[in-house]
Amino acid sequence: MKRRLTNLFDELPNSKKSLETNFEYGISVSRNLKGFRKEAIVNVPTLNFFGAKIEKYVKNVLKNELKNTFKIDKAKNILIVGLGNINIENDSLGPKTLERLIVSRGLNLSPSVCAFAPNVQSNTGIETYETICQISKIVSPDLVVLIDAFATVSVSRLCSCFQFSEKGIAAGSGNNHASKIISREALGARKVLSIGVPTLIYASSFAENISNKKIKEDFNAFPMLSPTDVKKNIELISRIISGAINETLFPNFSPSEINALIK
């Protein structure tokens, strides 16, 4: 059985990408702008050390990607989906981020933003792909933003690497759960942007990282690990992502106005 990891270019060997580095906080920004579906990686290894001290700085870096690389501020009707299980800390990034977003649909505000957390199939009995497709038909968005927690093969990326892609996402693929790709074609939207951060690592990958030796894997049981402070990390990461989205879509609002509009 072959693992299915995140399909972003940062996970692939020998990939070609442009790299910008800010040495003040060790932040690197990698972009793949070839073709009509862009990807970007904002790697912040110092986030695990400085935490909330650099929250505003990292948020501004993400805002730059959202505005200048992915141009989400051009959309008028936006559906934001928080993937994952809010009852499991290391899988709650999507729903936690939605809690801090400005939901403007039904208000006299532009753009129109609605948010939805479909939960997971094990809790609902409904395939996530099917749920999002039906909601998209109702909302008819020109932009769908998918927020999720990812699995990684690198310890250095755990809870510190913000990944963006317009190629879509297969919910649950990090746990080897077969799922259809939630993409632009599937949803009928003009654009689909996935945003995620790795919060899980395979136990075998973790062992390889610290031992530099290839570990024989048991594919019948996929043990996965998270940092012991994953709850704290999720809180910080969700604040950064939601803040970047809110300030990109509603640049004329002050922090106090944004706080008042957060549900």
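Let's start with the aromatic rings of this predicted model: the count comes to 4 aromatic pairs. One of them is Phe70 with Phe164, where the ring centres sit 5.7 Å apart and the planes meet at 25°, so the pair is stacked. Phe70 belongs to the loop between α2 (55-69) and β4 (77-82), while Phe164 is in strand β7 (residues 161-165), so this pair ties together parts that are 94 residues apart in sequence. Both Phe70 and Phe164 are buried. Another pair is Phe250 with Phe253: with centres 5.4 Å apart and planes at 15°, these rings are stacked too. Here Phe250 is buried, at a relative accessible area of 4%, whereas Phe253 has 24% and counts as partly exposed. Elsewhere, ring pairs link Tyr25, Phe50 and Tyr57 into a cluster.

Go back to Phe70 and step along to Lys71, in the loop between α2 and β4. Lys71 isn't a glycine, yet its phi is positive, at about 50°. Its relative accessibility is 40%, so Lys71 counts as partly exposed. Ser140 also has a positive phi without being a glycine, with a value near 55°; look for Ser140 in the loop between α5 (128-139) and β6 (143-152). While you're checking the backbone, have a look at the peptide bond between Ser110 and Pro111, which is cis, with omega about 5°. Pro111 is in the loop between α3 (93-98) and β5 (112-116).

Now for the charged side chains. The structure holds 10 salt bridges. In one of them, Arg37 pairs with Glu185, and the closest N and O atoms are 2.1 Å apart. Since Arg37 lies in the loop between β2 (27-32) and β3 (39-43) and Glu185 in helix α6 (residues 184-187), the bridge ties together parts 148 residues apart in sequence. Arg37 counts as buried at 16% relative accessibility, but Glu185 is exposed at 51%.

Arg239 makes a salt bridge with Glu55, with 3.0 Å between the closest N and O atoms. That pair connects helix α8 to helix α2, so it ties together parts 184 residues apart in sequence. Arg239 is partly exposed, at 30%, and Glu55 is buried, at 19%. Asp73 and Lys67 also meet in a salt bridge, at 3.2 Å from N to O. Asp73, at 23% relative accessibility, is partly exposed, and so is Lys67, at 43%. On top of that, Lys59, Lys63 and Glu247 are joined into one network by salt bridges that share partners.

Helix α8 (residues 230-249) deserves a look as a whole. At 1.5 Å a residue, its 20 residues should span 28 Å, and the end C-alpha atoms are indeed 28 Å apart. Of those 20 residues, 15 are buried, so α8 is largely enclosed by the rest of the structure. One residue of α8, Ile234, is in contact with Thr199.

Thr199 itself lies in strand β8 (residues 191-202) and is buried, with a relative accessible area of 0%. Its contacts beyond four places in sequence also include Asn90, Ala149, Phe150 and Leu225. The C-alpha atoms of Thr199 and Glu89 are separated by 9.4 Å, although these residues are 110 places apart along the chain.

Finally, how far can you trust the details? The mean pLDDT of the protein is 84, and 82% of its residues reach 70 or more. Residues 1-14 are another matter, with pLDDT under 50 throughout, though the model has 50 contacts for them beyond four places in sequence. Where pLDDT is low, the predicted coordinates should not be read in detail.

Conventions:
Residues are numbered from 1 along each chain as its sequence is written. This is a predicted model: local features need pLDDT of at least 70, side-chain atom pairs count only at pLDDT 80 or more; totals for chains, interfaces and linings use all residues. Side-chain values use heavy atoms; hydrogens and water are left out. Rings of Phe, Tyr and Trp (its six-membered ring) pair if their centres lie within 6.5 Å; planes under 30 degrees apart count as stacked, over 60 as edge-to-face and the rest as tilted. Helices (H or I, at least four residues) and strands (E, at least two) are DSSP runs, numbered from the N terminus. Buried means under 20% relative accessible area, exposed over 50%, partly exposed in between (1.4 Å probe, protein chains only). pLDDT is the predictor's confidence in each residue, from 0 to 100. Contact means heavy atoms within 4.5 Å. The expected span of a helix is 1.5 Å times one less than its number of residues. A salt bridge is a side-chain nitrogen of Lys or Arg within 4 Å of a carboxyl oxygen of Asp or Glu.
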